[in-house]
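Reader: Let's talk through this one together. Can you take my questions as they come?

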Amino acid sequence: QVQLVESGGGLVQPGGSLRLSCAASGRIFRINAMGWYRQAPGKQRELVATSPSSGSTNYADSVKGRFTISRTNAKNTVYLEMNSLKPEDTAIYYCNADVLVLGAGLNEYQYWGQGTQVTVSS
C-alpha cells in the first residue's frame with residue numbers, strides 16, 4: 001500500500017558529501033516519523049537519524065555534526081545530507097517511515113525502503 005524509494009547513494013571520497021532522498025507514495029493518510037538507518041557488512045542495522053512529525057530530530061552519536069535530516073512540508077520525502085564522510089560510513093542506507101494508511105480502517109504501519117548503497121573510499 002505504501003512504497004519508499006531511496007536514491008542518491010554512490011561512491012564518494014573521504015571528506016566528500018552526498019544527499020540521500022526517500023520518496024513515499026501510496027495510500028498515505030499521514031506520515032508520522034521518518035528516518036534513516038544503515039547496515040554495514042557483518043553488522044546489525046543501526047539508527048542514523050530520525051525526524052518526528054513534531055519535536056526534535058535525533059542523530060546517532062557517530063554522525064552528529066556531520067549529517068542532517070530534513071523533510072518536505074508535505075512530509076512525503078525525507079532527506080539525509082551527509083558531509084565529511086568517512087570510510088566507516090560505508091553501508092546500505094534504508095529509509096523508514098511510520099505511516100497512517102488509508103484502507104478499510106486507518107492503521108499505522110512501519111515501512112522500509114529497499115536501500116541505497118553508500119561507499120566512501122579513496
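Reader: Where is leucine 106 placed?
Author: This is a predicted model, where local features need pLDDT of at least 70, side-chain atom pairs count only at pLDDT 80 or more, and totals for chains, interfaces and linings use all residues. Residues are numbered from 1 along each chain as its sequence is written, and side-chain values use heavy atoms, with hydrogens and water left out. Strands here are DSSP runs of at least two residues, numbered from the N terminus. Leucine 106 sits in the loop between strand E9 (91-101) and strand E10 (107-112).

Reader: Is leucine 106 buried, partly exposed or exposed?
Author: Buried means under 20% relative accessible area, exposed over 50%, and partly exposed in between (1.4 Å probe, protein chains only). Leucine 106 comes out at 46%, so it counts as partly exposed.

Reader: Which side chain of opposite charge is nearest to glutamate 6?
Author: Glutamate 6 belongs to strand E1 (residues 2-7). Its side chain reaches the backbone nitrogen of cysteine 95 at 2.8 Å and that of glutamine 114 at 3.0 Å. Glutamate 6 is buried but has no salt bridge (a side-chain nitrogen of Lys or Arg within 4 Å of a carboxyl oxygen of Asp or Glu). Counting Lys and Arg as positive and Asp and Glu as negative, with His and the chain ends not counted, the nearest opposite charge, 7.6 Å away, is arginine 45.

Reader: What is the relative accessible area of arginine 38?
Author: Arginine 38 meets glutamate 46 in a salt bridge (2.8 Å, N to O). Glutamate 46 is partly exposed at 36%, whereas arginine 38 is buried, at 6%.

Conventions:
Helix = DSSP H or I, 4+ residues; strand = E, 2+ residues; numbered from the N terminus. Polar contact = N/O pair within 3.5 Å; in protein donor to acceptor, adjacent residues only side chain to side chain.
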